[in-house]
Amino acid sequence: MKQTTHPPGHRSAGVPGGAAADSPSPARGPKRRRPPSAHWAAWGFLAPVTLYLGLFYAYPLYRNLDLSLRDYTVRSFVQGDAPFTGLANYRKVFEDPAFAPALLHTAVFTAVCLVFQYAVGLALAVFFNQNFRLSTTLRALFLVPWLLPLIVSASTWSWMLNSESGVVNATLHAVGIGPVNWLTSPSWSLTSVIIANVWIGVPFNLVVLYSGLQSIPVGLYEAAAIDGAGAWRRFWCITFPLLRPVSAITLLLGLVYTLKVFDIIWIMTKGGPADSSTTFATWSYQLGFGNLLPAFGPGAAVGNLLVVAALVFGLVYVRVQRKQALS
């Protein structure tokens, strides 16, 4: 019987690893590129945001930095020929006798407002999370201070805390307490603006923290209640830890907002009396616009200190969040 011979190295197509396996793989086609129209469309969508950030954020920051590094007067501010002075304006700010009190007032104002805004906002968020009758209506009423223009809120508090005709002193007189010079006494002026700012900032904390509470599974509370955990134990072991990311962003946004509070303090006390309620925000305005001979350079330097403070706290927040994500 005649046998068919094959050349060495030949493999049958029907056997695994045969000729089909030895055949070269088809060549890949050229990589498809996006048409130029897609790139132009992407740049078209980015252009409005880029233009907005450049005009209203990058350019003002650049101008403020330029103001703080030059000796600007009214004439040079218009003509643009102010001499470069380097860090002389910052040195002048640090050596100013008003620097230490303004720094202390800014720190106290920011810290106290943050603590009370967060504490009261969290308590109200937990309270409204029970979903009782009229919960939605009452929650909407608590948003009114947040919706009012700041000039209206500050003017209202100025009237309420008026030493002679204010409703607060009238209430204190009704219970046998003497009048308090809320806005005209160096001992009470900072407390007055703190009270007003806390009242304005509580609704923001309430809204954000309430939304964070809505994302916590109800089953966790039911399981803890079955295990015998009380209300405080459930809050401390479930609510507070799971609310930590929302709390962090709430405190960061509150910090940035509180650092730059100007209109409330200026309308109520103008930083006085005797600079007892002056913060960096009001001091920067006083230096730049509150005198007949404005000091644009030192005023811009104080404003840049606020920007640096907010940036530092923002970087700390990002670093903490990154560590929590990696752990």
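## Basis of the description

Helices, taken as DSSP runs of H or I with at least four residues, and strands, taken as runs of E with at least two, are numbered from the N terminus. The structure described here is a predicted model. With that naming in place, P273 can be assigned to the loop between α14 and α15.

## The loop between α14 and α15

P273 deserves attention for its backbone, since the peptide bond that leads from G272 to P273 is cis, with omega near 0 degrees. D275 also has its place in the loop between α14 and α15, and the phi of D275 is near 60 degrees, a positive value in a residue other than glycine. As general background, most residues other than glycine have a negative phi, and most peptide bonds are trans. D275 is partly exposed, with a relative accessible area of 41%.

T279 lies in this loop as well, between α14 and α15 (280–289), but T279 counts as buried at 3% relative accessibility, a value that falls under the 20% limit for that class. Leaving aside its neighbours within four places in sequence, T279 is in contact with A102, H105, T106, V261 and I265.

## Nonpolar cores

In soluble globular proteins, nonpolar side chains tend to be buried together. The largest nonpolar core in this model has 35 residues, and the residues with the most contacts inside this core are F109 and M268. Two or more residues of the core come from each of α5 (99–128), α8 (150–160), α10 (189–214), α11 (218–226), α12 (231–242) and α14 (263–268). Among these elements, α10 gives the most, with 11 residues. A second core, separate from the largest one, has 16 residues and includes F99, L114, L259 and L287.

M268, one of the two residues with the most contacts inside the largest core, touches A154, W157, S158, L161, L183, S192, V193 and A196, when residues up to four places away in sequence are not counted.

## Aromatic pairs

A search of the whole structure finds 20 aromatic pairs. One of them joins F262 and W266, whose rings are stacked, at 5.7 Å centre to centre and with 20 degrees between the planes; the pair is classed as stacked because its planes are under 30 degrees apart. Ring pairs also link F262 and W266 with Y285, F289 and F296 into a cluster. F262 itself is partly exposed, with a relative accessible area of 23%.

## The nonpolar surface patch

At the surface, L134, L138, L141, F142, V144, L148, I151, V152, W199 and I267 make a nonpolar patch of about 820 Å². The elements that give two or more residues to this patch are α6 (135–142) and α8, and α6 gives the most, with three residues.

Two members of the patch can be described individually. L138 has its place in helix α6 and is partly exposed, with a relative accessible area of 34%; this value is over the 30% that a patch residue needs. L134, by contrast, has its place in the loop between α5 and α6, and counts as exposed at 55% relative accessibility, in keeping with the limit of 50% for that class. The backbone of L134 is also notable, for its phi is near 70 degrees, a positive value in a residue other than glycine.

## Buried polar residues in helices

N169 has its place in helix α9 (residues 167–174) and is buried, with a relative accessible area of 5%. N169 and P179 are 10 residues apart in sequence, while in space their separation is 5.3 Å, C-alpha to C-alpha. Not counting residues up to four places away in sequence, N169 touches N162, S163, P179, V180 and W182, so P179 belongs to its contacts, which are defined by heavy atoms within 4.5 Å.

S284 is found in helix α15 and, at 16% relative accessibility, counts as buried. When residues up to four places away in sequence are not counted, S284 touches G299, V302 and G303.

Terms used
Residues numbered from 1 in each chain as written. Predicted model: local features only at pLDDT ≥ 70, side-chain atom pairs only at ≥ 80, totals over all residues. Heavy atoms only, no water. Core = buried A, V, L, I, M, F, W, Y, C linked by side-chain atoms within 4.5 Å. Buried < 20%, exposed > 50% of the residue type's maximum accessible area, 1.4 Å probe, protein only. Phe/Tyr/Trp six-rings, centres within 6.5 Å; stacked < 30°, edge-to-face > 60°. Patch = residues over 30% accessible without salt bridge, like charges linked within 9 Å, V, L, I, M, F, W, Y side chains within 5 Å. Areas by Shrake-Rupley, 256 points an atom, 1.4 Å probe, with all protein chains shown as cover. Salt bridge = Lys/Arg side-chain N within 4 Å of Asp/Glu carboxyl O.
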